[in-house]
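Reader: Could you walk me through the open and closed spaces of a protein model, step by step?
Author: Happily! Let's look at the model together.

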Amino acid sequence: MLTQAENELLCRVEGDAPMGQLMRRHWVPAVLSEQVTSDGAPVRVQLFGEKLVAFRDSNGKIGLLGESCPHRKASLAFGRNEECGLRCLYHGWKFDADGNVVDMPSEPKASALPEKAKHLSYPTREAGGFVWAYMGPPDTMPEFEAPPWAPHADTRVAIAKIELPCNWAQIMEGQIDSAHSSTLHSSDMRPAKGDAQAKGDHWVRPSTDKNPRIQVQLTNYGMRYAAIRRPIANANTHDYVRITTYVAPFTALIPPNSTYNVTSVIVPRSDTSSSFHFIAWAEGEQAGIGLDAWRKFCVLEVGVDVDAQFKPIRRHAHNDYLQDRAAMAGGDSFTGIPGIPNQDIAMWESMGPIADRTQERLGASDIAIVQFRRLMIDAAKAFTEEARVIGHIAPKLPQAKLRSYQGVVEKTVPWRTLGASDDEVKVLSGLEEDETDKEMAGAAA
């Protein structure tokens, strides 16, 4: 469990909160590219409690500006996106994608006000299905790099998205908690011999073991951890290993299946709301999955389950996510809630806007959760005290090189470099093996 002060440090992201300021030193996945169309309607965006508006101009350039017009503070979300600029409806002030005032019809032609009225804007890039923004000081802006789920321009990416009324940390903890999948998702992640595969309406994996052994490895970008289970076949000589890679602060690379890789991206909108993205991506000989099929599989279809702004319209806390008790009683569904993300969402939201971690009773299966909390609390302190930014510490690995892993291996095979690229193996081999898993197992017991 955490103290109240530690919980606040982990969760709070607004204003001068250390965690939010740390996150601003990274490129932030701000909005989906598909949401922002040339000369289309501006899109409201909220990040770390800050209200913004995104638009794509006539030439395809993305602007991310403060939502309130600097003149009289009317919302630019109602503005006209026209001829390479966003025009405020109130008095016609027009801004380009960099926040420069390019027209001010309400003022005299000779006015010097346009030069003085430059509007708040953040640098943007596009990759992996997202518009990214850098929201930190300009002199600390790192080079933009390809994300892990889009290492190449031809990577096939499908993203399901939903906005949720809860803190980022309890969502991220769900992404790095392998133990819950054997229970919460038991109807959708079914045991079967052979490789881990994606079927039409469920996944299969080669284990019935609900009690994984958790081992953690710290890295300079976050952490990797293994959930080690007994496989269905050759249990005396082999282990079924699922490795999750946490790339601080926004990304969890989930163990893949033979059809596609899986990634979660969690972006704080405020202290008590977040954007959750569940991503399937494929490269090489992987079959992959199309966008519409992925959103249908996740039960997060636009216009059916979420609206055009990705807010839930069908299942939510007020109707108990349309939980089907008859399906539960009949054995058709363990949870009565369709869709892997929706099952998770019900759990995350039930913890409250910010989970109270001061009254928990943790066990050995929570080792990775404990390590995540220590990692990010220490990262926030290191940023405050030393201006050190997790993920920017040498030797720095390109994010496009990072991977998760799942597979059945002989018990003698060390898991710590499974699934890692050659570049990552070199870095990982230079790190001391993390002993915190043993320490935390004892503490949890």
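Reader: How much space lies in the largest pocket?
Author: This is a predicted model: local features need pLDDT of at least 70, side-chain atom pairs count only at pLDDT 80 or more, while totals for chains, interfaces and linings use all residues. Residues are numbered from 1 along each chain as its sequence is written, and side-chain values use heavy atoms, with hydrogens and water left out. A pocket is an open set of points on a 1 Å grid over the protein atoms alone, with protein on both sides within 12 Å along at least five of seven lines; points are joined across faces, edges and corners, and a volume is the space filled by probe spheres set on them. For the largest pocket, that space is about 460 Å³.

Reader: Which element gives the largest share of the lining of the largest pocket?
Author: Lining residues have an atom within 4 Å of a point, and the largest pocket has 24 of them, with Gln35, Val43, Arg44, Val45 and Gln309 nearest its centre. Strands (E, at least two residues) are DSSP runs numbered from the N terminus, as are helices (H or I, at least four). Among the elements giving two or more residues are strand E1 (28-32), strand E2 (43-47) and strand E11 (156-164). The largest share, five residues, comes from E2.

Reader: Where does the largest pocket lie with respect to the domains?
Author: Domain bounds come from an automatic or database domain assignment. Both domains give residues to the lining, so the pocket lies between domain 1 (37-140) and domain 2 (156-443).

Reader: Is E2 largely enclosed or largely open, and which residue of E3 stands opposite its Arg44?
Author: Four of the five residues of E2 are buried (under 20% relative accessible area, 1.4 Å probe, protein chains only), so E2 is largely enclosed by the rest of the structure. Strands pair if DSSP finds at least two bridges between them, and five bridges join E2 to strand E3 (residues 50-56), running antiparallel. Opposite Arg44 in E3 stands Val53.

Reader: How much space lies in the largest cavity?
Author: A cavity is a set of grid points where a 1.4 Å probe fits but cannot get out. A search of the whole structure finds five cavities of 30 Å³ or more. The largest is lined by 19 residues, including Gln175 and His180, and its space is about 200 Å³.

Reader: Which element gives the most to the lining of the second largest cavity?
Author: This cavity holds about 90 Å³ of space. Its lining includes Trp203, Val204 and Arg205. With three residues, the element giving the most is E14.

Terms used
Buried < 20%, exposed > 50% of the residue type's maximum accessible area, 1.4 Å probe, protein only.
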